Amino acid sequence: MSAARATVAVVRSERAPLVDTLHEWVTTVDHKRLGILYIIYALLFLAFGGIEAIIIRIQLIRPHNTFVSPQVFNRMFTMHGTTMIFFAAMPLVFGFANYLVPLMIGARDTAFPRLNAFSFWLTAFGGLLLYFSFLGGNGLYGAGNAPDVGWFAYAPLTSRTFSPGHSTDFWILALLLSGIGSMGTAINIAATVLCMRCPGMTLGKMPLLAWLNFTMAGLVILSMSPLTAAQLMLLVDRYLGGHFFDVQAGGSAVLWMHFFWIFGHPEVYVLAIPAFAFASEIIPVFSRKPIFGYPVMVAATLAIGFISMSVWAHHMFTVGMTSAGNTFFVLSTMAIAVPTGIKIFNWLATIWGGKVQYRTPMLFCVAFLFQFLIAGLTGIMLAAAPFDWQLSGSYFVVAHFHYVIVGGILFTIFGAFYYWFPKMSGRMYNEALGKVHFWLFTAGFHLTFDFMHVPGVLGMPRRIYTYEPGRGWDIWNLVITIGVLFQAVATLVFLGNLLWSKLWGKVAGSDPWDGWTLEWSTASPPPAYNFPSLPEVRSRRPLWDLKHPEDPDWHYE
Amino acid sequence: MYFLIAAEAAIFTIFVVAYIFYVGKSATGPQPAAVLHAPLFLTACLLSSSLTTHLAVRGLRSRNVRRFTWWWCGTVILGGIFVAGTAREWRHLVYQDGLTIQTNLFGTTYYSLVGLHAFHVIAGLLALAVVLVFAIRGDVRQEHSARTEVLSMYWHFVDAVWVVIFTVVYLIGR
Ligand SMILES: [Cu+2]
């Protein structure tokens, strides 16, 4: 072992030429490097999606604005949605899962390292394909570049008649590729959790993050496949002249809606459950208390995963289903609020009576608790079918799901960035800049998305490229756009902080937070083999046991 | 492998649902009752190939490489017959009955569902054939039995899907 270490040290000190470093990164099968690749890739696409959001908001800042044409506006909201979900949020979640799950369960790598690399590159090329449509989407027909069919691409808008050219094909292929990549990664994560845990780590002693990512992987496996199947059908329609979604030949546009949302709703939880996972690791450490109600948290997660497979048609109340169908989906959707509520109470109970340290990761998680609660409440409002008939397709819905995805999910992802940045880079981030990021972003978030509910209630439909003055929407749209400015600046502060800290931050050491899970027991950044010798675990907080041999956790569990 | 099978099963489920959803909704002919005949012989071939892989893997586990090779070879042949039979059936449908993927909803759903399955059979056959080549060259030994078992698991799954498709397309769907 010491000989191996010595050679590693020698190689490092010589500082390999850039080509070699690049080659190492491109051909890597190391879960930590793949995790970081996922994250960097996702940040790139987060920037793209953000720029598209800014374009949308500049266009809507005042009535009758002519910043972009209606056609470009359609492309912008389609690309914004597709990019953010498939090429920013999913890779972020996968990146952290890849990096953290093996470390936290005391494994040296994932179960299938090569499948892991293959999946990453599939996703990466999927994203490139989507953005290549800006260049190649014209096809032979000279009509439209970049997909403009909305992120859920309802039929018959996607048929050859209404989407000539290749832009929609780029959309289909990009999602098909990245979908297969996601399934590969999900299979890998699930197998890793089941087969690679270190000695002593039973399922009941696994960190919550591993449990939650395991649930997420199961959801990806079961929900990504319907999307893949539906995309294949759409390809058959577009290229082989099939009639799946061709209404004139008896096909059904509603069937596409069902297939898409069978994927689409669980997808929310594919992103939200890892967000819960970050909160479940960060909140205890900064409250200096173990998580409250571990078994209940696991059960609630599994319940959420299970119920989320049976609620999809709440996106389709306005289609006109039977009243029995409506009732079922209203009730199942509201049922999800129960396990989610349990989780929120457990996090609150964890903070309760703790010695809370408001470092940047904790700030983001506390904001997450408030905002996710509000997002859940508007979710329950929309789950009531009559309410939804009134507001479906309005800015109220847009405000609701951005509250979930930005206010809930992105906030904990920011928290996760700050919390694990010392582990990944070996350096501390700048705490002051982190707080600036937090306050700027929170202010911007609330300016934008709190006030976005109002024009929705006043009847402003989503996806319109402009509007008439004097309907009471003007002032709200102005405020919303101003909020975006805050968020953009905050994100730049965040990126600057990461970059600056990576280069010049102070050295973090292996355990800057006095953490309890296994990733803090190894060096920062961890060596390629993760652990010099495989750890042995007797409780849910193995590092607590190590640091407090007089009062170990396994006395109580 | 179990997770992969779960994902694949979900994909097939969606195609089967689409098929059932569109049964009897074709605006024009030909209708399934007029042109489809239950391929009993092919079904028997495919199902018995499940048995042969099972016997092959059992042979390998008890160190009997010869028995493994023969049963494995039988699987490949039976699978090959199935694919050839499907090809013949399609040829008949296209040229005699004038049913293509563009003709009507039945054509679209039938060719995609059966085609998706045939694609899985062909992929499985290729993998089986590669192993067979290894076996004939004498490179397959007892310690590989776990790997051949994974492959046979996939093959069982493909067969099970066929049972569903057979029931839906040739029994209920007519
Ligand atoms: Cu939903």
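In this predicted model, chain A and chain B bury about 1900 Å² between them. Carbon and sulfur atoms give 81% of that area. On the chain A side, A:Ile187, A:His243 and A:Phe244 lose the most area to chain B. Together these residues account for 24% of what that side buries. The contact set comprises 27 residues of chain A and 23 residues of chain B. Zero salt bridges are counted between the two chains.

Chain B contains 174 residues, of which 48% are buried. Its secondary structure consists of six helices and zero strands. From the N terminus on, the order of elements is therefore written α-α-α-α-α-α, under the DSSP assignment of helices as H or I runs of at least four residues. The C-alpha trace spans about 60 × 35 × 20 Å along its principal axes. Contacts in chain B were also sorted by sequence separation. Among those between residues at least 6 apart, 82% join residues at least 24 apart. The exposed area of chain B is about 8400 Å². Carbon and sulfur atoms supply 68% of this exposed area, and they give 81% of the area buried between chain A and chain B.

The copper ion takes its protein donors from chain A. These are A:His265 through ND1, A:His314 through NE2 and A:His315 through NE2. The three donors lie 1.8 to 2.0 Å from the copper ion. Along the chain, the donors follow the spacing H-x48-H-H. Accessibility was computed for two of these histidines. A:His314 has 13% relative accessibility and therefore counts as buried, the cut-off being under 20%. A:His315 has a relative accessible area of 27%, so this residue is partly exposed.

A nonpolar surface patch was located on chain A. The patch covers about 510 Å². Its members are A:Ile475, A:Leu478, A:Ile482, A:Leu485, A:Phe486 and A:Val489. One of them, A:Ile482, is found in helix α15, which runs over residues 474-504 of chain A. The relative accessibility of A:Ile482 is 38%, so the residue counts as partly exposed. This value also satisfies the patch criterion, because patch residues need over 30% relative accessible area.

Technical notes. Residues are numbered from 1 along each chain as its sequence is written. Chains are lettered from A and ligands numbered from 1 in the order in which they are written. This is a predicted model: local features need pLDDT of at least 70, side-chain atom pairs count only at pLDDT 80 or more; totals for chains, interfaces and linings use all residues. Side-chain values use heavy atoms; hydrogens and water are left out. Patches are made of residues with over 30% relative accessible area and no salt bridge: like charges are joined within 9 Å, nonpolar side chains (Val, Leu, Ile, Met, Phe, Trp, Tyr) within 5 Å. Accessible areas come from the Shrake-Rupley method with a 1.4 Å probe; for residues, only the protein chains shown count as cover. A salt bridge is a side-chain nitrogen of Lys or Arg within 4 Å of a carboxyl oxygen of Asp or Glu. Helices (H or I, at least four residues) and strands (E, at least two) are DSSP runs, numbered from the N terminus. Buried means under 20% relative accessible area, exposed over 50%, partly exposed in between (1.4 Å probe, protein chains only). Donors are N, O and S atoms within 2.8 Å of the metal (3.2 Å for Na, K and Ca); water is not among the atoms, so sites may look incomplete. Contact means heavy atoms within 4.5 Å. Buried area is the accessible area (1.4 Å probe) that two parts lose on being put together, summed over both.
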